[in-house]
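Biologist: I am new to reading models like this one, and I would love a close look at a single part. Could you take me through how one helix packs against its surroundings, and then set that beside the rest of the chain?

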Amino acid sequence: MTTAASPGADAGTGIPGPGGDKYLGNLHAFSTDPLGFLTECSRTYGDVVRLGANNVLLTSPGDVERMLVDRNAKFSKASADTRRGSRRQGFPLSTMNSDGATWQAKRHRMQPAFGRRLSTKAAEIVADQGERMLAGWHSGASRDLQADVSVLTLRLVTSLMFGDEFGEEDTAEIARLVSPIMDLSTSPVLLPEWVPTPRKLRIRRSMARVDRTLRALAASPAAADPDRAPVLHALVHGDPPPTPDELRDELATLIMAGFETTNDAVVWTSVLLAQHPEIAERVRAEAEAAFAATPAGLARMEALPYTNAVVRESLRLYSPVWLTSRDAMEDMEFSGHLIPAGTTVTVSQWVAHRDPRHWEDPEEFRPERWTGKGPSVPRGSYFPFGLGPRVCIGAAVATTETVHIVADIWRRYRLELIRPERIHPRPALALQPMGVEVVPREW
C-alpha cells in the first residue's frame, strides 16, 4: 500500500474518512498501528473510506469481489511512477509485479508447474524435512518455533523449486539471501538513485549477491529435469524463455512468497492450537490415524479434513497477506462513491476476515466454521490468497505444506507457550508472528 498520506488527485469528494494531520495526513496513525487503524476506519466510516488524498479502503465484500474479480483488468498492480521508483531496488520483472498481457504471458508460463503433482511432491518433502526438524526436539526443552519452522520451510521451498538434491551449502546460501530479498522487495525510494546513502549501498551489494546466486541456480543440472525441479524447469524452459533479469526477479519473488506464507501460517496455527488444547487433541488424533494408514510416514490431504479446517480458520484470523492494493486505471464507482483514475484502492484481509457484519464471533478461533459446507459468508469476506485471476499461484501448494507440517508437529508433540503475552502480529511484507517460544511435550 502506498502511504495513507500520498499526494495526488483527490480520491473522490464525499467519501468519509479520518482527517489526520495537516501535513502528514494519516501516515502516522497507519505507521504506528496499521491493523488497528484500518479496523477503526472500517468500523467508523463504512464500506468506502478515504485514507488520504489518493488512497481509498474498500470494506464491503461485494466491492472486494468487484475489485479483484469483476474489474480486475481495470486496475494495475503498480503505477508507472511506482515502477520507475522501484525498478532498481525491487523485482519489477516478476509475474507478481507485472500487469496486462505481460502478466498473462508470465502466469501462463509458470501455471503448469503448480498443479496437483507439485502438491503431492510437497507432502513427500514435508515428511522428510519434518522428521529432520523434530529429531532435534526433546520433550521439556524450550524452542524458538519461528526459527525451527523457518529452516524447515526454507528447505521445503528450495527442494520444490530447485530440486530434491539441493545440498546443505546451497540451502545455507539461499537462507542468507532471504533477508536481502525482503529488503529489496519493500525498500522505499526516498532520495534520488544517485544519492549514495548507506542503505542504498547495502541494497546494491545485496542485489549483486542475489544476482550471482540465482543465475547459478538457473544454470544448474536440475533446471533441465521437470521431475526434479518443476518450477525452475518451467521458468528456464518456458515459451518464451525469460531473460536473465526476468529469471532473477521470478526466482526471488517465488522464494519470498513461498517461504513467508507457509512459515507464518504454520507458526500462527501452532500458536492457536497451543491456546486451544481440545482442538489440538482432535488434530493429534486425526493425524495419528492418517499417518498410520499410509506407507512411509505420509498422509493424504483428504485424510486430514479437520486439520485443514484448523488451517483455514488460522488463515482467517492471521492471514499472512493482510493488505492488497491496486491502482485504478479509470474512474469507477464503488458503493455509490466515485473513485477517480489514479487512486490507490486497498482491501484488507485482516479487516474483512474479522468483520462482525459477516462473521459470527469473529475474534474466536472456531475451526468448525469450515467443516461440512463451510461458512455462509459473502465471497469477498475470505481471501487469504487473493481472489480472481491474480489469486496466488501457489495457494494449493502452500495449503498442503501447512496442513502436513501442522499435522506432523502436533501428532508428536503438544506445545506450551512460554510467554503468551509477548506474542503479537507484526505487519510487514507478511503478517509475522513475533515472540513465539514454546515447550514441546510428548502426549
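Modeller: Happily; what follows is a walk around helix H11, its partners, and a few other places in the chain.

Please keep in mind that this is a predicted model. To get your bearings, the chain has 15 helices and 12 strands. Of its 443 residues, 52% are buried. Among contacts with a separation of 6 or more, 72% join residues that are 24 or more positions apart. The chain exposes about 19,400 Å², and carbon and sulfur atoms supply 54% of that area.

Now to our helix. Two packed helices are described by the angle between their axes and the distance between those axes. Helix H11 covers residues 244–275, and its axis comes within 9 Å of the axis of helix H7, residues 145–162. The two axes cross at roughly 140 degrees. An angle over 145 would count as roughly antiparallel, so H7 and H11 are described as oblique to each other. Their crossing is right-handed.

Which residues meet there? From H7 come Leu145, Gln146, Val149, Ser150, Thr153, Leu154, Val157, Met161 and Phe162. From H11 come Leu251, Leu254, Ile255, Gly258, Phe259, Thr262, Asn263, Val266, Val267 and Ser270. Sorted by class, the residues in this contact of H7 with H11 are 12 nonpolar, seven polar and no charged.

H11 also packs against helix H5, residues 100–110. Here the axes are 13 Å apart and the angle is about 65 degrees. H5 and H11 are therefore roughly perpendicular to each other, and their crossing is right-handed. On the H5 side the contact is made by Lys106, Arg109 and Met110, and on the H11 side by Glu246, Glu250 and Leu254. The classes for H5 with H11 are two nonpolar, no polar and four charged residues. If you look back, Leu254 is also listed in the contact of H11 with H7.

Next, follow two residues of helix H15 that touch H11. Glu401 lies in H15, which spans residues 395–412. Is Glu401 buried or exposed? Glu401 is buried, because its relative accessible area is 4%, and buried means under 20%. Leaving out residues up to four places away in sequence, Glu401 touches Ala122, Val126, Leu156, Leu160 and Thr262. Thr262 is one of the H11 residues that meet H7. Glu401 also has a long-range link to H7 in space: the C-alpha atoms of Glu401 and Val157 are separated by 9.7 Å, although their positions lie 244 residues apart along the chain as a separation. Val157 is among the H7 residues that meet H11.

The second residue is Ile409, which lies in helix H15 too. Ile409 is buried, with a relative accessible area of 1%. Setting aside neighbours within four places in sequence, Ile409 is in contact with Met133, Leu134, Trp137, Val266 and Leu415. Val266 belongs to H11 and is in its contact with H7. Ile409 and Val266 are 143 residues apart in sequence, and their C-alpha atoms are 9.8 Å apart in space.

For another helix pair, turn to helix H12, residues 277–292, and helix H13, residues 305–317. Their axes come within 8 Å and cross at roughly 140 degrees. H12 and H13 are therefore oblique to each other, and H12 passes H13 in a left-handed crossing. H12 brings Ile279, Arg282, Val283 and Glu286 to the contact, while H13 brings Pro305, Tyr306, Thr307 and Val310. By class, H12 with H13 has five nonpolar, one polar and two charged residues.

Let us finish with two loop residues. Ser335 sits in the loop between strand E6 (332–334) and strand E7 (337–339). Its phi is near 50 degrees, a positive value in a residue other than glycine. Ser335 is partly exposed, with a relative accessible area of 36%. Asp361 sits in the loop between helix H14 (349–353) and H15. Asp361 has a positive phi of about 45 degrees although it is not a glycine. Asp361 is partly exposed, with a relative accessible area of 36%.

How values were computed:
Residues are numbered from 1 along each chain as its sequence is written. This is a predicted model: local features need pLDDT of at least 70, side-chain atom pairs count only at pLDDT 80 or more; totals for chains, interfaces and linings use all residues. Side-chain values use heavy atoms; hydrogens and water are left out. Axes are lines fitted to C-alpha atoms, for helices over the stretch in contact, and angles run from 0 to 180 degrees between N-to-C directions. Helices (H or I, at least four residues) and strands (E, at least two) are DSSP runs, numbered from the N terminus. Angles under 35 degrees count as roughly parallel, over 145 as roughly antiparallel, 65 to 115 as roughly perpendicular and the rest as oblique. A crossing is left-handed if the near helix is turned anticlockwise from the far one by less than a right angle, and right-handed if clockwise. Contact means heavy atoms within 4.5 Å. Ala, Val, Leu, Ile, Met, Phe, Trp, Tyr, Cys and Pro count as nonpolar, Asp, Glu, Lys and Arg as charged, and the others, Gly among them, as polar. Buried means under 20% relative accessible area, exposed over 50%, partly exposed in between (1.4 Å probe, protein chains only). Accessible areas come from the Shrake-Rupley method with a 1.4 Å probe; for residues, only the protein chains shown count as cover.
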